[in-house]
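This report describes a protein chain and the ligand it holds. It begins with the place of the ligand and then turns to the domains.

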Amino acid sequence: MRSYPDHSRRAALGVVAASLLAVTSLAAPAAMADSWKYAFEEAIHEVQGVYATKFKEAIEKNSDHTVQLFPYGTLGESADIMEQAQAGILQFVNQSPGFTGALIPEAQVFFVPYLLPTDQAHLARFYKESKAINEDFKGLYAAQGLELLSMYPEGEVAMTTKEPVTGCADLEEVKFRVMTNPLLVESYRAFGATPTPLPWGEVYGGLQTNIIQGQENPTFFLYSTKIYEVTDHITYTGHNNFTTALMANKDFYDGLSAEDQKLIRDAATAAYDYIVTYQEGLAEQELKKIMAAKPEMTVTVLNDEQRACFKEAAEEVEAKFIEMTGDSGKAILEQMKADLEATK
Ligand code: 6CS
């Protein structure tokens, strides 16, 4: 997938808008049943696609409405689908804070290293019950024209690199791809690497041509996107879990009946419950598939001593987050810490 310069992206957006609106007007008799469009950043069989499929099933089972799913690439990159959702061309968009952080600075909190645990059961309780997520972030997303419906985990992120990594020193001179998020850039700078923000579509080719030499993602994604073909070492530092979020266009959501709003919230809850169970054991299972496909791949789980420099860097990144976001970010960070403690 190419990334477009701003002007041609707007033109591309216009073409997508025109064709989607044409479909809407043809398919919209004055009946009660609506057809809603939902785009996400992954393929249909990846975690966001499985979540989206469950959401669609719940909507279609409990109403006359239909949901049309648009997996990664069908409407462009992550930034493109966010623009389309904000413009009201799409009713739903799934975007990770890795990209939303550029739009909502406080959402970068998910990239303060070692803030989130790697324990999946703890995470499952946290996203569901957290005040920061279910109340505080709602207002911040609303200010960008988005109704935040759910945040959910996609698994511990692992680094994949061309050379082995056993500490920060091994990241020196490594051009490390990160999502387009200023705090993630700061993290990898603090880890000692040369951070390189890129949209997802440029990662495989970038590794293949050695423009970049590393990237991070959850284990299932390393297998499904075949990133193991273009990197040789997997390293678990425990520094983060991948967070993602489902949102609706706020004007669309506010214009719905209370009954339809409940239908959507219930579908998001059903999809959430399904996806956390679906991911139990997923990372281990997908790691085995990587090893079967490429037995020479090395897998290293860093010990406490090896993690020390990443943990030291985390303090610097947390301070940077507060510097970037001020009182609002500080309040979210403190609330997240309290929520994590309460859901232990
Ligand atoms: O690294 C990325 O850009 C992608 N990673 C995941 C797990 N999902 C979508 C996102 O675009």
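A cavity is a set of grid points where a 1.4 Å probe fits but cannot get out, computed over the protein atoms alone. A molecule sits in a cavity if more than half of its atoms lie within 2 Å of the grid points of that cavity. In this predicted model, the ligand sits in the largest cavity.

Which residues surround the ligand? They are E41, E42, F99, R177, M179, W200, N217, P218, F221 and F242. Sorted by class, this shell has six nonpolar residues, one polar residue and three charged residues.

Some residues of the shell place a polar side-chain atom close to an N or O atom of the ligand, as listed here.

| Residue (side chain) | Ligand atom | Distance |
|---|---|---|
| E42 | nitrogen | 2.7 Å |
| R177 | oxygen | 2.8 Å |
| N217 | nitrogen | 2.9 Å |

How much of the ligand does the protein bury? Taken alone, the ligand exposes 300 Å², and the protein buries 99% of that area.

The domains come next. The domain assignment divides the protein chain into domain 1 (7-154 + 242-281) and domain 2 (158-240 + 283-342). Each of the two is thus given as a pair of sequence ranges. The contact between them takes 34 residues from domain 1 and 44 residues from domain 2. Taken over C-alpha atoms, the centres of domain 1 and domain 2 are separated by 24 Å.

Where do the residues around the ligand come from? The shell draws at least three residues from domain 1 and at least three from domain 2. Both domains therefore contribute to the surroundings of the ligand.

Technical notes: Residues numbered from 1 in each chain as written. Predicted model: local features only at pLDDT ≥ 70, side-chain atom pairs only at ≥ 80, totals over all residues. Heavy atoms only, no water. Near = heavy atom within 4 Å. Polar contact = N/O pair within 3.5 Å; in protein donor to acceptor, adjacent residues only side chain to side chain. Areas by Shrake-Rupley, 256 points an atom, 1.4 Å probe, with all protein chains shown as cover. 1 Å grid on protein atoms, 1.4 Å probe; cavity = no way out; pocket = protein on both sides within 12 Å on 5 of 7 lines; lining within 4 Å. Nonpolar A, V, L, I, M, F, W, Y, C, P; charged D, E, K, R; others polar. Contact = heavy atoms within 4.5 Å.
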